[in-house]
Amino acid sequence: LSRMSAMLQLPLVVTAQVDLVLVLVSLLALWTRLSRLSYPNAVVFDEVYYGQFVSFYMKRVFFIDDNGPPLGHMILALGAYLGGFDGNFVWNRIRAEYPSSVSVWSLRVLPSLCGALCVPLVYLLTLELRFSHLSALGAAVLLLLENSLIVQSRFMLLESVLIFLVLLAFFSYLRFHNAPTSSWFRYIWLLLSGVSCAAAVGVKYMGLFSYLLLLGVAFLHAWNLIGDQFLNVCVQCVCRVVCLLVVPVLLYVFWFYLHLSLLNRSGPHDQLMSSAFQASLQGGLSRITQGQPLEVAYGSQVTLRSSASQLIPCWLHSHKENYPVRYENGRGSSHQQQVTCYPFKDVNNWWIIKHPGRQELVVDTPPRPVRHGDVIQLVHAMTSRFLNSHDVAAPMSPHAQEVSGYVDFNVSMPAQNLWKVDISNREAESEVWKTILSEVRLVHVNTSAVLKLSGVSLPDWGFRQLEVVAEKLFKAHGSSLGWNVEEHRYGTSQEPKEREAELHCPTHIDVDRKISFWAKFLELQWKMLTVKQEESEHKYSSAPLEWITMETNIAYWLHATTNAQIHLIGNPVSWGVANLSLLAYQLLAAVYMLRRRRGFKDLPDAVWDQFVCLGCVCVGGWLVNFVPFLLMEKTLFLYHYLPALCYLYLLSPVHTHTNKHTHTHLLRLRLTSSVPAAGCSVEETFCPLTYGSPELSANQLRELRWRDTWDILDRRH
């Protein structure tokens, strides 16, 4: 007790160290990114794109964005949710005014906070690269004064979120790497690095390249551990694997788990997904298929949907029209009833599963299920024609067999209407054919050809519907062979007229038919990576090489009646410094490596390691965030360059303050003061185009057009 009382002697004093420079740049960053955030009170550029996804989250409606994973959209939706947004706003055009019921500030605040936090993060990251506080200040100032980063941070866009997460990942990893090995608290930083990497990839797939770069740096550091005690090396490697590989993978899956848990209602993108996926959503297909029989039986009335990977779904279809006797190219046909794939719900999509040895077209009591390997006949419900194939060339794909509804013309062309059921995703050889869940291939018994969608549109005589053919299995592409039962009824009427009426009155049998999360995750992931919307040229699209010299800009917003406008334009001073620093580093690296090869060590080993680490992080970060765009065939914009640019801003002041061969102390001080001063002056000059105010005259706008390729708008009165 006496010892405790001695420890609690008053007054209690707490001593803390505060980096005032860090506090200052943080406050300035918050001020430049968050001030007047609700202006303009209108939709700005890509807010029209991201806003629709935010509305989907508010209404819990399922969607697919083929441009990226869901975490970024969920972050934007979180801000909207905190502001009370209910999703009832139509995101149909740029410059549309937000109603008073929409909190514009809350829509934009999270990206703006991320953009503001990038500035102190760059300061801290520079220190973790083992450079001076002056270098850290220079890097932070360059980021602080970059007009394009300010603009991109102030709206409901994702680049600032991506940049923040990538910088946080590298800062956390370097903090772990530089911490004393005896401290177990350092592994918290390693875990934070892994979480940040997972979040970066979850916001945009471009974050994957920075993640791979960080893994490369971590691998090199782990490689250097070899030679220490075996147990220590094992512990270090296991911790890195768990924090930088296992945790990011699990979190990446978790983002999709949240996404699919939140979006449980049918929406406009359902048609891209399989029948099983659609049936798991509330509304839409689930309303049609609710209570359907699970097991397909002889006598079942079904619609068969093609599982081919394409944007538009279609169903096996037939109608009373026959194939032409001769096609335009002179080839002949069977002149039998057309069988196609039709991309709309229609009564002619219904078929009846018939047992070859029986005449009845109704389900027995109890139902007799169809199993893998069974031979069946398919009867078109509305015309009673049997699905048939034979050695006649298909109309648009002459290498494949024609598929028809058999018509007996009393010629030497007998019916060949037997089909073998092959359940491709079966778990047992005697598995029952299940509604929605089973993917089947229908193999023609006589010719061993497989029923498939060719994907070619028929001419006018086929009503531009899609061609269905039978093709030998070794020739056919696997993705176009599968069919699944989407709608299903147990038939009870033998007569055609009664059967036609029955098709509009489904039989309901309650069956629990849920698709697992993993099946939904894998299907959604595959669709996001393979299904691409049609790219269109945009007025402000640009090529990657134009970004380096800032030959392009983007008009984000223009006031409806005045010259007030917002543009994505970089700060020419800091942009130029970044490019020069990249060139200088490459030249110096080449000179240093050549001289070290000849035995001249201009830099001590410790400084050389620091120089190499700088190149790996900064130059490597620029390369992995720029070079991939040179290989992409998609519409690109200037804002795609911003993550790469941030790495060069890390490089610029650090390089200036560490190169002893090209700078004297006096020159360093001059550069330290002159570059930020020039950057600040240019940033202030372009402020009207950064914040949209004050309004400039036509002459003032022309003065800001520093390059002929810039599109500065002038609304003439």
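Trainee: How many helices and strands does the protein chain have?
Mentor: The protein chain has 22 helices and 14 strands. Keep in mind that this is a predicted model.

Trainee: Okay. And what share of the residues is buried?
Mentor: Of the 717 residues in the protein chain, 53% are buried.

Trainee: What about the surface, which atoms supply 61% of it?
Mentor: Carbon and sulfur atoms do, out of about 33,100 Å² that the protein chain exposes.

Trainee: Let's switch to rings. How many aromatic pairs are there?
Mentor: Searching the whole structure gives 43 aromatic pairs. One of them is made by Phe53 and Phe63.

Trainee: Why is that pair of Phe53 and Phe63 called stacked?
Mentor: The ring centres are 4.7 Å apart and the planes of Phe53 and Phe63 meet at 25 degrees, so the pair is stacked. The cut-off for stacked is planes under 30 degrees apart.

Trainee: Where do Phe53 and Phe63 sit along the chain?
Mentor: Phe53 is in helix H3, residues 47–59, while Phe63 is in the loop between H3 and helix H4 (71–82). The two are ten residues apart.

Trainee: Are those two buried or exposed?
Mentor: Phe53 is buried, at a relative accessible area of 3%, and Phe63 is buried at 2%. Buried means under 20%, so Phe53 and Phe63 both qualify.

Trainee: Now Trp547 and Phe629: what kind of aromatic pair do they form?
Mentor: Trp547 and Phe629 are edge-to-face, with 5.4 Å centre to centre and 75 degrees between the planes. This pair links distant parts of the chain: Trp547 belongs to helix H16 (residues 544–548) and Phe629 to helix H18 (residues 605–630), 82 residues apart.

Trainee: And is Trp547 buried or exposed?
Mentor: Trp547 is buried, with a relative accessible area of 0%. Its partner Phe629 is buried as well, at 3%.

Trainee: Which residues do ring pairs link into a cluster?
Mentor: The cluster holds Tyr252, Phe254, Trp255, Phe256, Tyr257, Phe517, Trp518 and Phe521.

Trainee: Different topic, charges. What lies over the face of Phe277?
Mentor: Lys520 does, at 5.2 Å from the ring centre. Elsewhere, Arg186 lies over the face of Tyr187, at 5.3 Å from the ring centre.

Trainee: Last one, about contacts between residues at least 6 apart in sequence: what share joins residues at least 24 apart?
Mentor: In the protein chain, 74% of those contacts do.

Key
Residues numbered from 1 in each chain as written. Predicted model: local features only at pLDDT ≥ 70, side-chain atom pairs only at ≥ 80, totals over all residues. Heavy atoms only, no water. Phe/Tyr/Trp six-rings, centres within 6.5 Å; stacked < 30°, edge-to-face > 60°. Helix = DSSP H or I, 4+ residues; strand = E, 2+ residues; numbered from the N terminus. Buried < 20%, exposed > 50% of the residue type's maximum accessible area, 1.4 Å probe, protein only. Lys NZ or Arg CZ within 6 Å of the ring centre and 35° of its normal. Contact = heavy atoms within 4.5 Å. Areas by Shrake-Rupley, 256 points an atom, 1.4 Å probe, with all protein chains shown as cover.
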